[in-house]
Amino acid sequence: EQAHGLPSWLFKRLKKDWADQLPEISYNLKQIAPLTLRVNVNQVSRAEYLEILEEDGFEARACELSDVGIVLEQNVHIPNLPGYEEGGFSVQDEHAQLCATLLPNLEGKVVVDACAAPGGKTAHILEKYSPKKLYAIDQDAKRLVRVAENLERLGLNEYADVEIVTADATTWKAPSEVDCIVLDAPCSAIGVIRRHPDIRLLRQSTDIAKTVELQKQILNNMWQQLKVGGTMLYITCSILKAENEQQMVQFFADHSDAKETNIEADWGIEQIHGRQLFPETDRGDGFYYCLIEKTA
């Protein structure tokens, strides 16, 4: 095991993809990820919740990139935090919280959260908008139970028509064309190694090609469910270009009716398509976002 502490196949890939950023990435992947909350602003503002935490003796600070995020500066048992049972917050990485900020206005729209479990993005969408209908799809029925529980705890299921569906995103068909698809694609999860150290051991080089192929199938199927003028947000928690930038280069080459909507942001690194975020010490995980509009 070299000083960088990464499996050699992964180190080689990262060196190929991110030669300049490699020392920083290797260092940051070895750190402990912070505990980050997303405040349910339907119930309490971030400023108010920070005050409540302080009064109860918890050390916390506001996130910089997410305007609803809070980082806890100490280890805590989540259910012991004030307002947990009442749905005052969720646990969600800061870079994952950016998802809902990139979406168009979803008031009265039909939305699909493909690969939705455990429901962080579904909940965030419902905290921000009242869609006409939201389909939360995942092929893991057990993990979908958590989506229902989270929406219940956050008090979000009474506001919108949410249908939780156990289905395979490579084949699922929407009853009619939808306005927006959030596709948090299955990936190598290299961007979240800090939270799931077993990825170092479990993930192998040969997995990447399989994952890229699966992503491609899901992209192609979900694209067919989107109406003209609709938006798809492609997301991974990977930092490998094969799953991110290169996947999108291929997608745009294959779909003449796809047009990228540029993400204007002061975070991450602009790619040929999309933006890449890296795991940062005391901040968010590695995420990739690409916003796609369907044209006639």
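Let's start with charge: the protein chain carries 30 positive and 46 negative side chains, and the centres of those two sets sit 7 Å apart. Keep in mind that this is a predicted model. Here's a quick tour, from the whole chain down to a few single residues.

**The whole chain**
- The protein chain contains 10 helices and 13 strands.
- A compact globule of 296 residues would have a radius of gyration near 19 Å, and the protein chain has 19 Å, so the two agree.
- Along its principal axes, the C-alpha trace covers about 55 × 55 × 35 Å.
- Of the 296 residues in the protein chain, 55% are buried.
- Take the contacts with a separation of 6 or more: 72% of them join residues 24 or more positions apart.
- As for the outside, the accessible surface of the protein chain is about 13200 Å², and carbon and sulfur atoms account for 48% of that.

**Helix α1 and its two sides**
- Helix α1 runs over residues 8-17, and its buried residues are W9, L10, L14 and D17.
- Those buried residues span an arc of only 130° around the axis, which means they share the same side of α1.
- Flip to the other side of α1 and you'll find K12 and K16 exposed.
- So what covers the buried residues of α1? The cover includes α2 (22-29) and α9 (205-224).

**S205, in helix α9**
- S205 belongs to helix α9.
- Buried or exposed? S205 has 35% relative accessibility, so it counts as partly exposed.
- Leaving aside residues up to four places away in sequence, S205 touches W9 and R13.
- S205 and Q225 are 20 residues apart along the chain, and their C-alpha atoms are separated by 32 Å.

**The loop between β5 and α6**
- P118 sits in the loop between β5 (110-114) and α6 (120-128).
- The peptide bond leading from A117 to P118 is cis, with omega near 0°.
- C115 also lies in the loop between β5 and α6.
- C115 isn't a glycine, yet its phi is positive, near 60°.
- With 18% relative accessibility, C115 falls under the 20% cut-off, so C115 counts as buried.

**The loop between β12 and β13**
- D282 is found in the loop between β12 (275-277) and β13 (287-294).
- Phi of D282 is near 70°, a positive value in a residue other than glycine.
- D282 is partly exposed, its relative accessible area being 45%.

Terms used. Residues numbered from 1 in each chain as written. Predicted model: local features only at pLDDT ≥ 70, side-chain atom pairs only at ≥ 80, totals over all residues. Heavy atoms only, no water. Helix = DSSP H or I, 4+ residues; strand = E, 2+ residues; numbered from the N terminus. Rg over C-alpha atoms; globule rule 2.2 N^0.38 Å. Buried < 20%, exposed > 50% of the residue type's maximum accessible area, 1.4 Å probe, protein only. Contact = heavy atoms within 4.5 Å. Areas by Shrake-Rupley, 256 points an atom, 1.4 Å probe, with all protein chains shown as cover. Lys, Arg positive; Asp, Glu negative; His and termini not counted. Charge placed at Lys NZ, Arg CZ, Asp CG, Glu CD. Arc of directions from axis to C-beta.
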